[in-house]
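Me: I would like to go through a structure with you and ask, for each label that is put on a residue or a contact, what the label rests on.

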Amino acid sequence: MASEPTPELSPEPSAAEGPAAEPLLRLTNIQAGYGRAALVLRGLSVTVAPSSVVCLVGPNGAGKSTVLKVASGMLKPRSGQVMVDGEDVTGRTPQQLLASGLSHVPQGHSVFPEMTVAENVLLGAYTVRDRSLIAERTEFVTTLFPLVGERWSALAGALSGGQQKQVEFARSLMVRPKVVLLDEPSMGLDPKATAIVFEQVQRMRDAGTAVLLVEQNARRALEAADVGCVLDLGKVHITGPAPDLLADPRLAQLYLGGRPKEVP
Amino acid sequence: MTGALFAQSLVLGVLLGGLYALLAAGLTLYFGVMRVVMIAHSAFLILAAYLAWYFHETSGLDPLLSLVITVPLFFVVGYGMQRFLVSRLRPISLTTMSVLLTFAIALTIEGLLGFVWTGTQRRVQLGYSGTSIEVAGVSIAVVKLIAFALAAISLGALFVILRKTSFGRALRATTQHPEAARLVGIDTDRVAGLGFGLGLATAAIGGTALALDYTIYPSLHWHWIGPLMAIIVVGGLGSIPGAAIAALLLGVAASLLQVPLGTTWAQTVFYLALFVTLMIRPQGFFGGRLAQRF
Ligand SMILES: Nc1ncnc2c1ncn2[C@@H]1O[C@H](COP(=O)(O)OP(=O)(O)OP(=O)(O)O)[C@@H](O)[C@H]1O
Ligand SMILES: [Mg+2]
C-alpha cells in the first residue's frame, strides 16, 4: 500500500502490534512546534493498530496534545509523515482528515454549551450528507452511550463534566471514524465518572474503532490500553504492551507515582 | 406624566427598540463569531442611510428599494472585510487590535461621506413622511412603523437562519467552541467571513430604516455606537436574543425618561445600564457565557 519502506523509518519497534495488521494510524518521524518557538515534537513516531487502544503518557508539556493535533490536522508538522489506513494524509485539514476516518476529542470541555445534546451530536455528522446514514449512526451512538439518548434535548452546557464527555464521544463517533483521538478524557472527573470514561473507551474499541488515548492518569490509562508509549522531550521514549509498562520499575518510578506494581 | 403621554412614549420606545435590536444583533454577531469589537458598525449604518437617501434623490424611487442593492453589497463587503482585514490580525491581540482597525474604518467612512456629500444635514422627503396613524389615542408615524417592521422581519429572518439552517448551526458552533467546530469539519474561517457579512447586512437594513425617519449627517454614527455597545454588553456579549431583549428594554426606558429628563439625559440610561451590568453581572443579563472567558 504505502510506497515508502515504512519499517526502517520508525526508530522504536511497535511491540504489541497485531500479527500482520497494517496500522490504521502511523505517525513517522514527526517534527512539530508552535510558531517560532522551539520544536515540541522532535522525530516522534507512533502507530495504532486496528481495534487497539494505544495510550500516550508523559509529564505536563511533553507534547501529548501536540501529537493528537498533528494527527488530526489542527497543526501542520514541519516534517514527518501521517498515514491513515495506508494513505498519506500529511498536511490535510481537519475536515479532510474526518473524511479519511480520523476523529479528535480535544482536551477539556468541548461541547457546544448553548446547544442541545441533539444539536451537538448531529454536528458530529456535519460533513455527512446522507440522511439515512446520519439516522443510522445516531441510533448507534445512542445505543453505545444511553445517557446521550436520555438527555437528548437538554442543553449540553447544563450537563455534568462526565456527561459532557459522553456527548463529545458520541459526537466524535458520528463519522464512524477508523481511529478516534482522545485527549485526557478523564481530566477533572471524579473516580466514578473516570471509571465510566475508561469503560466507554473499551466499548469504542469493541465497536471496531481504534483509540489513541492521551492521559495524565498514567496507571489507570495503561490498565485500559493495549499498548503504551511514554513521551518525553518530544519523542517516544519507551513503548510496549501496556501490562509490561505497568510492571516496568523505571516507569513506575518516573510516571506512576514511584510505586511499581511488582516491588520485590 | 399623563396616561396618554406614557402610552405614546412606550410605543415610541418599542419602535426605537426594534431598530436598536436589529443593529445590536449585528454587532453582537461579530463579537460572537470573531471576538471582534466592530466600532465601524454604526458608520456602515449611516453609510447605508446615505445610500438610501442618494438612491431616492437620484431615482425618485422609494428609499426602501435601495435595500436590493445595499444588502447584498454590504454582505459582500463584510465578508471581504473579515477575510482580508480582520483575519490578518494576530489572534492573541485580536480583540484590542480590532478596536483600532474598525475605529480607523469608521473614520474613513465618515470622511468619505463628508467628502462626497459634504457635512450638510440630509433628510428623505416622502409622500408619507408626515403621515401618522392613530391607535387608541396613540399617534404613530408611518415611517416609524415601517422601520420597526423592517427590523422585526430582519431579526426574525436572522433567528431562522441561525436556528434552522446548517450554516446557522455552524456559525453558532464556531461562536461557542471554535476548536471543536473545526474538529467536526466546519470551515471556521469561511463561517466567520459569512457571519461578518451577515452582521454588516443588518447595518444596511438598519440604515435604510434610519433614513426614513432621521436627519442624517456624516458624524451621526458616534451617537449610535455607544448605546449599541452598551446594549450588547447588557444582553451578554455574543448572545443575539440577549441583545434583542436588552435593546427593547433600554429603548423603552430611554423613551420614557425622555419626557421628564429631555433627550440628552435620557441617553444616559444606556451607560447607566452598562455600569450596573459591569459591576454586578459582567457576563450580561440575558445569556451569553462568552464574557466570562475574559
Ligand atoms: N497553542 C500553542 N502555542 C504555543 N505553544 C504551545 C501551544 N500549545 C502548546 N504549546 C507548548 O507546547 C508544549 C507541549 O504542549 P502540549 O499541550 O502538547 O503538552 P501536553 O503533553 O498535552 O501537556 P498537558 O499534560 O499539560 O496537557 C508546551 O511547552 C506548551 O507550552
Ligand atoms: Mg495536553
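The questions and replies below take up the ligand, the salt bridges, a surface patch and some backbone angles.

Me: Before we begin, what kind of model is this?

Reply: This is a predicted model, and the values that follow are computed from it.

Me: Which residues are closest to ligand 1, and how many surround it?

Reply: Ligand 1 is surrounded by 14 residues, and the closest are N60(A), K64(A), S65(A), T66(A) and Q216(A). Helix α2 of chain A, residues 64-72, gives the most to this shell, with 4 residues. By residue class, the shell divides into 4 nonpolar, 7 polar and 3 charged.

Me: What makes the pair formed by T66(A) and an oxygen atom of ligand 1 a polar contact?

Reply: The label needs a pair of N or O atoms within 3.5 Å. A polar side-chain atom of T66(A) lies 2.4 Å from an oxygen atom of ligand 1, so the pair meets the cut-off. For S65(A) the corresponding distance from a polar side-chain atom to an oxygen atom of the ligand is 2.7 Å, and for an N or O atom in the side chain of N60(A) it is 2.9 Å. On its own, ligand 1 has 630 Å² of accessible area, of which the protein covers 59%.

Me: Why is the pair D85(A) and K178(A) called a salt bridge?

Reply: A salt bridge requires a side-chain nitrogen of Lys or Arg within 4 Å of a carboxyl oxygen of Asp or Glu. The side chains of D85(A) and K178(A) meet at 3.3 Å, N to O, and the pair therefore qualifies. D85(A) sits in the loop between β4 (79-84) and β5 (87-88) of chain A, and K178(A) in the loop between α7 (161-173) and β7 (179-183) of that chain, so the bridge ties together parts that are 93 residues apart in sequence.

Me: Are D85(A) and K178(A) buried, partly exposed or exposed, and how do you know?

Reply: Partly exposed is the class that runs between the 20% and 50% limits of relative accessible area. D85(A) has a relative accessibility of 32% and so counts as partly exposed, and K178(A), with a relative accessible area of 32%, is partly exposed as well.

Me: What makes R203(A) and E199(A) a salt bridge, and where do they lie?

Reply: Their side chains meet at 2.8 Å, N to O, which is within the 4 Å that the label allows. Both residues lie in helix α8 of chain A (residues 191-206), 4 residues apart, or about one turn of the helix. R203(A) is partly exposed because its relative accessible area is 28%, and E199(A) is partly exposed because its value is 38%.

Me: Why is R205(A) called buried, whereas D206(A) is called exposed?

Reply: Buried means under 20% relative accessible area and exposed means over 50%. R205(A) has 17%, so it is buried, while D206(A) has 62%, so it is exposed. These two residues form a salt bridge in which the closest N and O atoms are 3.8 Å apart, and together with D226(A) they are linked in a network of salt bridges. Over all chains, the structure holds 8 salt bridges.

Me: What makes V276(B) eligible for a nonpolar surface patch?

Reply: A patch residue needs over 30% relative accessible area and no salt bridge. V276(B) has 36% relative accessibility and therefore passes that area limit, while counting as partly exposed. V276(B) lies in helix α11 of chain B, residues 263-280. The patch, of about 730 Å², is made by V276(B) with Y271(B), L272(B), F275(B), M279(B), I280(B) and F285(B).

Me: What is notable about phi in S51(A) and in T118(B)?

Reply: Phi of S51(A) is near 50 degrees, a positive value in a residue other than glycine, and T118(B), which is not a glycine either, has a positive phi of about 60 degrees. S51(A) lies in the loop between β2 (39-48) and β3 (53-57) of chain A, and T118(B) in the loop between α4 (94-117) and β1 (132-135) of chain B. With 43% relative accessibility S51(A) counts as partly exposed, as does T118(B) with 37%.

How values were computed:
Residues numbered from 1 in each chain as written. Chains lettered and ligands numbered in written order. Predicted model: local features only at pLDDT ≥ 70, side-chain atom pairs only at ≥ 80, totals over all residues. Heavy atoms only, no water. Near = heavy atom within 4 Å. Polar contact = N/O pair within 3.5 Å; in protein donor to acceptor, adjacent residues only side chain to side chain. Areas by Shrake-Rupley, 256 points an atom, 1.4 Å probe, with all protein chains shown as cover. Helix = DSSP H or I, 4+ residues; strand = E, 2+ residues; numbered from the N terminus. Nonpolar A, V, L, I, M, F, W, Y, C, P; charged D, E, K, R; others polar. Patch = residues over 30% accessible without salt bridge, like charges linked within 9 Å, V, L, I, M, F, W, Y side chains within 5 Å. Buried < 20%, exposed > 50% of the residue type's maximum accessible area, 1.4 Å probe, protein only.
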